[in-house]
Amino acid sequence: MKAQSFLGSAAFGVGLGALLLPAAALADTRVSPAATPVGGTVVLTTTCNPNAGDAIFRVTGPDRDQNVRSTTAAAGGGLSAELFTAGFTLGTYTVATTCGDGSDGGSATFTVTPIGGAQAGGGGRDGDTGVLVAGGVLAAGALAGGAYAVIRRRRAGAVA
């Protein structure tokens, strides 16, 4: 009797999971643009069903843990909200969405950058310093070798 009860419960769980999986797989959150300067605007969009209620976008990052509620219907379906990044610290932020019915609406990330350039202290891409040092060593070696050849020729010409 216990085996039948267990198999019945397992079959029910698999069937329920098969019904709920497509709904969970369709939940998606997007952030546009993926990088914005301090004071820029980021558009948060989710595919949550607007008929299920408001979507809650939870924004977490270096200096944030805030919720943004959306009641605005997105152009392609779902819900959207705008987030103004004035006062944000430079760095990467995660947006996790909860749909109005309590289901997971997915997550996405965006980066807040300085106005008009790369992050302060970044100095470009990682690894550029090693390339510059190697290039400097090669250039110095070439100059030293060229100078040695010129001096040797002059000495050979003076001896002859």
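Two strands pair if DSSP finds at least two bridges between them. Strands (E, at least two residues) and helices (H or I, at least four) are DSSP runs, numbered from the N terminus.

This is a predicted model: local features need pLDDT of at least 70, side-chain atom pairs count only at pLDDT 80 or more, and totals for chains, interfaces and linings use all residues. Residues are numbered from 1 along each chain as its sequence is written, and side-chain values use heavy atoms, with hydrogens and water left out.

**Exercise 1. Find the strand partners of β9.**

Solution. Start with the inventory: the protein has 2 helices and 9 strands. Along the sequence they follow the pattern α-β-β-β-β-β-β-β-β-β-α. Now take strand β2 (residues 35–37). It runs parallel to β9, and 3 bridges join the two. One residue to look up is P37, whose bridge partner in β9 is T113. Next take β8. It runs antiparallel to β9, with 7 bridges between them. Here T92 has T111 as its bridge partner in β9. Finally, look at the turn. β8 and β9 form a hairpin with 5 residues between them, and G102 in the turn has a positive phi of about 90°.

In general, strands of a sheet pair through backbone hydrogen bonds, either parallel or antiparallel.

**Exercise 2. Work out the order of the open sheet and name its edges.**

Solution. The open sheet has 4 strands, in the order β1-β3-β7-β6, with antiparallel pairing. Its edge strands are β1 (29–32) and β6 (72–73), as each pairs on one side only. Check one pairing: 4 bridges join β1 to β3, and the two run antiparallel. Within it, R30 has T45 of β3 as its bridge partner.

**Exercise 3. Decide how covered β9 is, and trace the nonpolar core.**

Solution. First fix the scale. Buried means under 20% relative accessible area, exposed over 50%, and partly exposed in between (1.4 Å probe, protein chains only). By that scale, 22% of the 160 residues in the protein are buried. β9 is mostly covered, with 7 of its 10 residues buried.

Then go to the core. A nonpolar core is a set of buried Ala, Val, Leu, Ile, Met, Phe, Trp, Tyr and Cys residues joined through side-chain atoms within 4.5 Å. The largest one has 14 residues; V31, L44, V59, L83, F88, V95 and F110 touch the most other members. β3 (41–46), β4 (55–60), β7 (79–84), β8 and β9 each supply at least two residues of this core. The largest share, 3 residues, comes from β9.

In soluble globular proteins, nonpolar side chains tend to be buried together.

**Exercise 4. Count the aromatic pairs and classify each one.**

Solution. Apply the rule: rings of Phe, Tyr and Trp (its six-membered ring) pair if their centres lie within 6.5 Å; planes under 30 degrees apart count as stacked, over 60 as edge-to-face and the rest as tilted. The count comes to 2 aromatic pairs. F88 and Y93 have ring centres 5.0 Å apart and planes at 55°, so this pair is tilted. Y93 and F110 have ring centres 5.5 Å apart and planes at 15°, so this pair is stacked. Y93 lies in strand β8 (residues 91–98) and F110 in strand β9 (residues 104–113), so their pair ties together parts that are 17 residues apart in sequence. Ring pairs thus link F88, Y93 and F110 into a cluster.

Add the burial. F88 is buried at 6% relative accessibility. Y93 is buried with a relative accessible area of 0%. F110 is buried too.

**Exercise 5. Describe the surroundings of F88 and R58.**

Solution. Use contacts, meaning heavy atoms within 4.5 Å. Not counting residues up to four places away in sequence, F88 touches V38, V59, D63, R64, Q66, L83, Y93, F110 and V112. R64 deserves a second look: its charged end sits over the ring of F88, 4.1 Å from the centre. (That label requires NZ of Lys or CZ of Arg within 6 Å of the ring centre and within 35 degrees of the ring normal.)

Now turn to R58, which is in strand β4. R58 is partly exposed, at 43% relative accessibility. Leaving out residues up to four places away in sequence, R58 touches D65, Q66, N67, T94, V95 and A96.
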